[in-house]
Amino acid sequence: MDHFNYRNHELYCEDVRVADLAARYGTPLYIYSKATITHHLDTLNKAFKTLNPLVCYSVKANSNLGILKVVGEHGDGFDVVSGGELGRVLKAGGTADRTVFAGVGKTDPEIAAAIQAGVLMFNVESEEELAAINRVAESLGKVAPVALRVNPDVDPKTHRYISTGKKESKFGMDIDRSLRLAQEAVHMKHITMIGMHMHIGSQITTVEPYGHAAEKGVEIIGQLRAMGHPIKWYNMGGGFGIAYRGGEAKAIKAFAEVIVPKVATTGCRLAMEPGRVVVGNAGILVSQVIFTKKSGDKRFLIQDAAMNDLIRPSLYEAFHRIWPVHVAEGLACPPENYESEIPGTETWDIVGPVCESGDFLAKDRHLPRLATGDLLATFSAGAYGMVMASNYNTRPRAAEILVSGDKAQLVRRRETFEDLVGPELIALD
Ligand code: LLP
């Protein structure tokens with residue numbers, strides 16, 4: 001469920017007219033729905049309730065301070081992968097003791113900052129990293145809580161760029177190595193191994209990979225405990241897929257039905273690191289048509305959002321629903337099925353102004369007739385949208401709005417030219 005709906009042919013985010021926000025704040029514009037975010041957080045907490053879960057929202061999906069504040073106030077935790085992300089969590093009022101720290105390349109200063117802040121645990125991805133954490137903790141006179149990130153060699157059946165659980169991936173350690181390291185860790189005085197972590201990939205739309213991973217995870221926890229490690233946390237990572245087209249993703253409940261009974265046998269608390277499923281369908285990217293253009297048989301809709309604003313279509317050939325903000329009478333809003341001809345539509349490539357052939361939001365897409373000045377909404381843009389935006393072609397990044405009911409708050413102003421050139425140091429006079 002999300003809160004982007006058409007009323008009288010006009011797109012609304014909760015009770016706010018999207019066209020009004022575009023007029024006030026300009027385009028391209030990211031708009032997020034708070035009610036959608038809290039709905040997803042509620043659904044996750046409820047589905048895994050029997051495992052006393054800690055939902056650690058994966059900050060990388062959308063790290064806007066306004067979004068982090070919503071998650072923190074909801075009572076949930078965070079998954080961070082850098083000192084910067086940890087800084088954001090703390091700034092937004094989140095607490096370190098509900099925050100897990102993952103990532104393959106943590107530096108000494110980042111490790112020290114996380115220990116000082118008092119993170120719940122480090123997800124450790126290699127032998128050298130565990131040694132570094134032990135060493136830094138010793139220098140601070142502390143004992144650092146850790147979870148080993150085990151790579152269960154499960155195929156999550158997702159895009160190869162976002163698959164992480166197979167053994168050829170750079171993430172985690174295979175089971176044998178993990179167990180060997182755990183054995184060595186028994187003698188490390190400045191770490192305490194309280195968890196086991198697995199993250200097998202992202203945009204996973206079937207439950208089976210989680211079932212296979214959990215079976216292996218349960219066994220590994222038994223072995224870690226047999227060595228004497230006080231394992232209290234089963235961290236299953238993130239990865240729940242969402243419906244980009246409509247209907248392709250499993251409900252959270254379906255994942256829980258596979259995972260809960262297995263993890264329950266360990267007596268562990270469940271930590272999870274959902275990102276996309278929390279914010280993905282809670283955000284849209286609004287853009288405005290600059291020009292329309294024909295070339296051969298192709299029709300191009302050149303609008304002001306580009307690959308620097310939302311790179312997912314260019315990078316992963318990802319599909320995002322796109323539909324006008326104002327829809328003519330008689331047209332579905334938006335259609336259920338984009339693959340077949342939709343009466344009253346034409347076929348367009350929706351592209352941006354960036355000078356790359358790979359700069360597109362959609363190709364061969366059926367859309368109602370549109371003209372210069374019309375507004376478009378690109379749906380499911382709340383996760384891995386703004387966080388992956390860049391200034392390529394010296395394009396200032398978009399503004400971001402958080403809507404709650406009939407209130408809209410600017411949570412990031414549009415960048416200016418000065419913001420872009422400010423850090424550059426060459427003397428020009
Ligand atoms: N935990 C770990 C260790 C991760 O690496 C990730 C995502 C998550 C949790 C959150 O996964 P989620 O629940 O959002 O699937 N930019 C790509 C996705 C990259 C995912 C990276 N890791 C995209 O736009 O599809």
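Start with Thr 38. Its side chain reaches the backbone oxygen of Ala 35 at 3.2 Å. That is a polar contact: a pair of N or O atoms within 3.5 Å, where within protein one must be able to donate a hydrogen and the other to accept it, and residues adjacent in sequence count only if both atoms are side-chain atoms. Thr 38 lies in helix α2, residues 34–47. Helices here are DSSP runs of H or I, at least four residues, and strands are runs of E, at least two, numbered from the N terminus. Leaving aside neighbours within four places in sequence, Thr 38 is in contact with Val 70 and His 74. Contact means heavy atoms within 4.5 Å.

A word on the source. This is a predicted model, where local features need pLDDT of at least 70 and side-chain atom pairs count only at pLDDT 80 or more, while totals for chains, interfaces and linings use all residues. Residues are numbered from 1 along each chain as its sequence is written, and side-chain values use heavy atoms, with hydrogens and water left out.

Next, the ligand. Which residues come nearest? Of the 18 around the ligand, they are Ser 202, Glu 273, Arg 312, Tyr 316 and Tyr 384. Around the ligand means a heavy atom of the residue lies within 4 Å of it. Now the atom pairs. A ligand oxygen is 2.4 Å from an N or O atom in the side chain of Ser 202. A ligand nitrogen is 2.6 Å from one in the side chain of Glu 273. For the side chain of His 199, the distance from a ligand nitrogen is 3.4 Å.

His 199 also appears in a cavity lining. A cavity is a set of points on a 1 Å grid over the protein atoms alone, where a 1.4 Å probe fits but cannot get out; lining residues have an atom within 4 Å of a point. Points are joined across faces, edges and corners, and volume is the space filled by probe spheres set on them. The count is 1 cavity of 30 Å³ or more. The largest has a volume of about 70 Å³. Helix α8, residues 208–226, gives the largest share of its lining, 3 residues. By class, the lining has 8 nonpolar, 1 polar and no charged residues.

Last, the sheet. It is open, with 3 strands in the order β1-β2-β3 and antiparallel pairing. Pairing takes at least two DSSP bridges between two strands. β1 (4–7) and β3 (16–17) stand at the edges with a single partner strand each, so one side of each has no neighbour in the sheet. 4 bridges join β1 to β2, residues 10–13. Tyr 6 stands opposite Leu 11 in β2.

Methods:
1 Å grid on protein atoms, 1.4 Å probe; cavity = no way out; pocket = protein on both sides within 12 Å on 5 of 7 lines; lining within 4 Å. Nonpolar A, V, L, I, M, F, W, Y, C, P; charged D, E, K, R; others polar.
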